[in-house]
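Here are some short exercises to work through with the model open in your viewer. Try each one yourself before you read the solution.

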Amino acid sequence: MTAPSTFGLSSEARNLHWLLTNLVEEVPGILSVAVVSSDGLLLLSSDPGRNEAARQSTEDRPTGPRGSAADLATIVSGIGSLTIGAAKLMEFGGVKHSMVAMDEGSLFVMSISDGSLLGVHGAADCDMSVVAYHMALFVGRAGHVLTPELRSELRKSLESAESTGSGR
């Protein structure tokens, strides 16, 4: 996790950390994950070091957006904004999820609640249906607890981890 210690966090924040860790560690092919608030701020992310074994098999390929959780959050936020704008223009209702398949990997973006997003960067050989299924499980479990208070707590936790240098 970007914030390696959950000491001092509420039980809801610790549960979200646990859910994200499980998503990354249990689903083959996931390279990195970011939870982004409706205003585009990173709330929670996977630690690139946790999936080193998965990356070793794809060592010659890029492993992610410049290796930064903030870069993934920016991409997820941008795709989320673009698809929301497209859905409004087309008058088709809200966006549930988006997927971008590339030669060397995939990017999945799924709505969590009130504009928050879950973004997953997957390896080229990941099973997209398995990734999407586990993302939906995460969203189902996390959506109801991602309150404004919890988003604020997660954001403060990230900021303190970055200021002390333990966020990387």
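**Exercise 1.** Determine whether Met90 is buried or exposed, and find out which nonpolar surface patch it belongs to.

*Solution.* Start with the accessible area: Met90 has 51% relative accessibility, so it counts as exposed. The cut-offs are under 20% relative accessible area for buried, over 50% for exposed and partly exposed in between, with a 1.4 Å probe and protein chains only. Next, place the residue: Met90 is in helix H3. Helices (H or I, at least four residues) and strands (E, at least two) are DSSP runs, numbered from the N terminus. Finally, look for partners: Leu89, Met90 and Phe92 make a nonpolar surface patch of about 430 Å². Patch members have over 30% relative accessible area and no salt bridge (a side-chain nitrogen of Lys or Arg within 4 Å of a carboxyl oxygen of Asp or Glu). Like charges are joined within 9 Å and nonpolar side chains (Val, Leu, Ile, Met, Phe, Trp, Tyr) within 5 Å. Areas come from the Shrake-Rupley method with a 1.4 Å probe, and for residues only the protein chains shown count as cover.

A word on the input: this is a predicted model, where local features need pLDDT of at least 70, side-chain atom pairs count only at pLDDT 80 or more, and totals for chains, interfaces and linings use all residues. Residues are numbered from 1 along each chain as its sequence is written, and side-chain values use heavy atoms, with hydrogens and water left out.

**Exercise 2.** Describe the backbone and surroundings of Glu91.

*Solution.* First locate Glu91: it lies in the loop between helix H3 (69–90) and strand E3 (97–102). Then check its phi, which is positive at about 55 degrees although Glu91 is not a glycine. Last, Glu91 counts as exposed, at 70% relative accessibility.

**Exercise 3.** Test whether the length of helix H1 agrees or disagrees with its residue count.

*Solution.* The expected span is 1.5 Å times one less than the number of residues. For the 16 residues of H1 (residues 11–26) this gives 22 Å, and the end C-alpha atoms are 22 Å apart, which agrees. Buried residues of H1 include Leu16, Leu20 and Leu23.

**Exercise 4.** Find the largest nonpolar core and the elements that build it.

*Solution.* A nonpolar core is a set of buried Ala, Val, Leu, Ile, Met, Phe, Trp, Tyr and Cys residues joined through side-chain atoms within 4.5 Å. The largest has 27 residues, and Leu16, Val35, Leu118, Val120 and Phe138 have the most contacts inside it. Elements giving two or more residues to this core are H1, E1 (30–36), E2 (42–45), E4, E5, H4 (128–142) and H5 (148–164). H1 gives the most, with six residues. Apart from this core lies another of 12 residues, among them Ala34 and Leu117.

**Exercise 5.** Work out where Gly119 and Ser106 sit and what they touch.

*Solution.* Gly119 lies in strand E5 (residues 117–123) and is buried, at 0% relative accessible area. Beyond four places in sequence, Gly119 has contacts (heavy atoms within 4.5 Å) with residues including Ser32, Leu72 and Phe108. Ser106, in strand E4 (residues 105–111), is buried too, at 3%. Leaving aside neighbours within four places, Ser106 is in contact with residues including Val120 and Met128.
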